[in-house]
Amino acid sequence: MQYVKLGRTGLDVSRICLGCMSYGIPDRGAHPWTLDEQSSRPFIKQALEAGINFFDTANVYSDGTSEEIVGKALKEYANRDEIVIATKVHGKMRQGANGGGLSRKVIMAEIDHSLQRLGTDYVDLYQIHRWDPNTPIEETLEALNDVVKAGKARYIGASSMASWQFMKALDISKQNGWARFVSMQNYVNLLYREEEREMLPLCKEEGIGVIPWSPLARGRLTRDWEEETSRSESDSFGQSLYQASAEADRKVVERVAEIASERDIPRAQVALAWVLQKEPITAPIVGATKLHHLQDAVAAVDIVLTEDEINRLEESYIPHPVTGF
Ligand SMILES: NC(=O)c1ccc[n+]([C@@H]2O[C@H](COP(=O)([O-])OP(=O)(O)OC[C@H]3O[C@@H](n4cnc5c(N)ncnc54)[C@H](OP(=O)(O)O)[C@@H]3O)[C@@H](O)[C@H]2O)c1
């Protein structure tokens, strides 16, 4: 495994981050396709054995049970000082007032709930899952700074939002001497490259670590266009991401298959190698529901695509409507 610094921080992260949205009690929360605790544990163990030290979850995944399952397994299998646990806040955890969003009250309550579920006294990276248009960003940033100062998070990060929003937040933190976002978790893959326009150059300029979610387009880049899996059939958010540009997307998927066949490697390795080579990406957050998915992710780190292969993978892409936030 290769390790790199997360943006301009001194934090070492593996070039593959394990996405833990796949692990959680299936009938809790919004992801009926998740693996339960017993089926999830081997993935966390195998990831650690392969040198992956970076794990991403969220309070909202499977109604908190992803944090519980992941926290318990990491406690058993890993050395806390070596691993990097990332979680998120914003999604609605309860019906009624103050159940979600990024107010000071919600952040202060949710960090404690996450720590309790994860069974740790700090997270390494505390991320805002989305922008909250109903809370002043100053309130959110000051609360996050207090979370860091209280020792409950080592760093803070952000996830999908407009580039102007992210730049505004970075600037306000700087003006106030508050902890600044060190990472951007955004949607980047061969089927969605709109982040190359503004967000990726901004992250490069500001030294922000980039950790894309759904780097395999939720599996669409790994198989024939028509092929469905039990996850793809019940993944309603995933379905909403791939409607607008289906014909163009299909050509990209076919090109991935072509290059994989020429190299005699699985398609997932080609699609992930492309993400890994795209500057300034730090580590894709990979979802694994079968153990060979992890092996492919780890193998992708050592694949170097040629300029010609990259051109062939990219040439069929057409601009997509902005999505993912
Ligand atoms: N910040 C955000 O808003 C946000 C949003 C989404 C996700 N995330 C994070 O990103 C992580 C990854 O998301 P994701 O699961 O959508 O990512 P992904 O890596 O694009 O998709 C994972 C899916 O791709 C298929 N797959 C993976 N490896 C494969 C391989 N080697 N061969 C064949 N198929 C393969 C599997 O599909 P099947 O299960 O269908 O076989 C798997 O469930 C999440 O766990 C979460 O931590 C964050």
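Which residues does Thr 120 touch, not counting residues up to four places away in sequence? The exercises below work through this and further points.

This is a predicted model: local features need pLDDT of at least 70, side-chain atom pairs count only at pLDDT 80 or more, and totals for chains, interfaces and linings use all residues. Residues are numbered from 1 along each chain as its sequence is written.

**Exercise 1. Place Thr 120 and list its contacts.**

Step 1. Thr 120 sits in the loop between helix 3 and strand 6. Helices (H or I, at least four residues) and strands (E, at least two) are DSSP runs, numbered from the N terminus.

Step 2. Thr 120 touches Gly 71, Arg 80, Ile 85 and Leu 115. Two residues are in contact if their C-beta atoms, placed from the backbone, lie within 7 Å.

Step 3. Thr 120 counts as partly exposed because it has 19 C-beta neighbours inside 10 Å. A residue is buried if 20 or more other C-beta atoms lie within 10 Å of its own, exposed if 12 or fewer, and partly exposed in between; these C-beta atoms are placed from the backbone.

Step 4. Lys 152 is 32 residues from Thr 120 in sequence. Their C-alpha atoms are 9.3 Å apart.

**Exercise 2. Work out the order of the strands in the open sheet.**

Step 1. The sheet has eight strands, in the order 9-8-7-6-5-4-3-10, with parallel pairing. Two strands pair if DSSP finds at least two bridges between them.

Step 2. Find the edges. Strand 9 (209-210) and strand 10 each pair on one side only.

Step 3. Look at one pair. Strand 5 (residues 84-89) and strand 6 (residues 123-128) run parallel and are joined by four bridges. Thr 87 has Tyr 126 as its bridge partner in strand 6. Val 89 has Ile 128 as its partner there.

Step 4. Add a helix. Helix 3 (residues 104-118) packs on the sheet and touches strand 5, strand 6 and strand 7. Its direction makes about 140° with that of strand 5. Axes are lines fitted to C-alpha atoms, for helices over the stretch in contact, and angles run from 0 to 180 degrees between N-to-C directions.

Step 5. Check the cover. In strand 6, six of its six residues are buried. In strand 8 (residues 181-185), five of its five are buried.

**Exercise 3. Decide whether Ile 156 is buried or exposed.**

Step 1. Ile 156 belongs to strand 7 (residues 153-159). Strand 7 runs parallel to strand 8, and four bridges join the two. Ser 159 stands opposite Gln 185 in strand 8.

Step 2. Ile 156 is buried, because 24 other C-beta atoms lie within 10 Å.

Step 3. Leaving out residues up to four places away in sequence, Ile 156 touches Tyr 126, Leu 144, Val 148, Ala 179, Phe 181 and Val 182.

Step 4. Asn 145 is eleven residues away along the chain, and its C-alpha atom is 8.3 Å from that of Ile 156.

**Exercise 4. Describe how helix 9 packs with helix 12.**

Step 1. Helix 9 (residues 246-263) and helix 12 (residues 307-314) pack at about 155°, with axes 8 Å apart.

Step 2. Helix 9 is therefore roughly antiparallel to helix 12. Angles under 35 degrees count as roughly parallel, over 145 as roughly antiparallel, 65 to 115 as roughly perpendicular and the rest as oblique.

Step 3. Arg 255, Val 256 and Ile 259 of helix 9 meet Glu 309, Arg 312 and Leu 313 of helix 12. This contact divides into three nonpolar, no polar and three charged residues. Ala, Val, Leu, Ile, Met, Phe, Trp, Tyr, Cys and Pro count as nonpolar, Asp, Glu, Lys and Arg as charged, and the others, Gly among them, as polar.

Step 4. Glu 262 is also in helix 9. Glu 262 is exposed, with 11 other C-beta atoms within 10 Å.

**Exercise 5. Find backbone exceptions in the loops.**

Step 1. Start from the rule. Most residues other than glycine have a negative phi, and most peptide bonds are trans.

Step 2. Asp 63 has a positive phi, near 55°. Asp 63 lies in the loop between strand 4 (54-56) and helix 2 (65-77).

Step 3. Asn 98 has a positive phi of about 60°. Asn 98 is in the loop between strand 5 and helix 3, and it is exposed, with 11 other C-beta atoms within 10 Å.

Step 4. A cis peptide bond joins Glu 279 and Pro 280, with omega about -5°. Pro 280 is in the loop between helix 10 (267-277) and strand 10.
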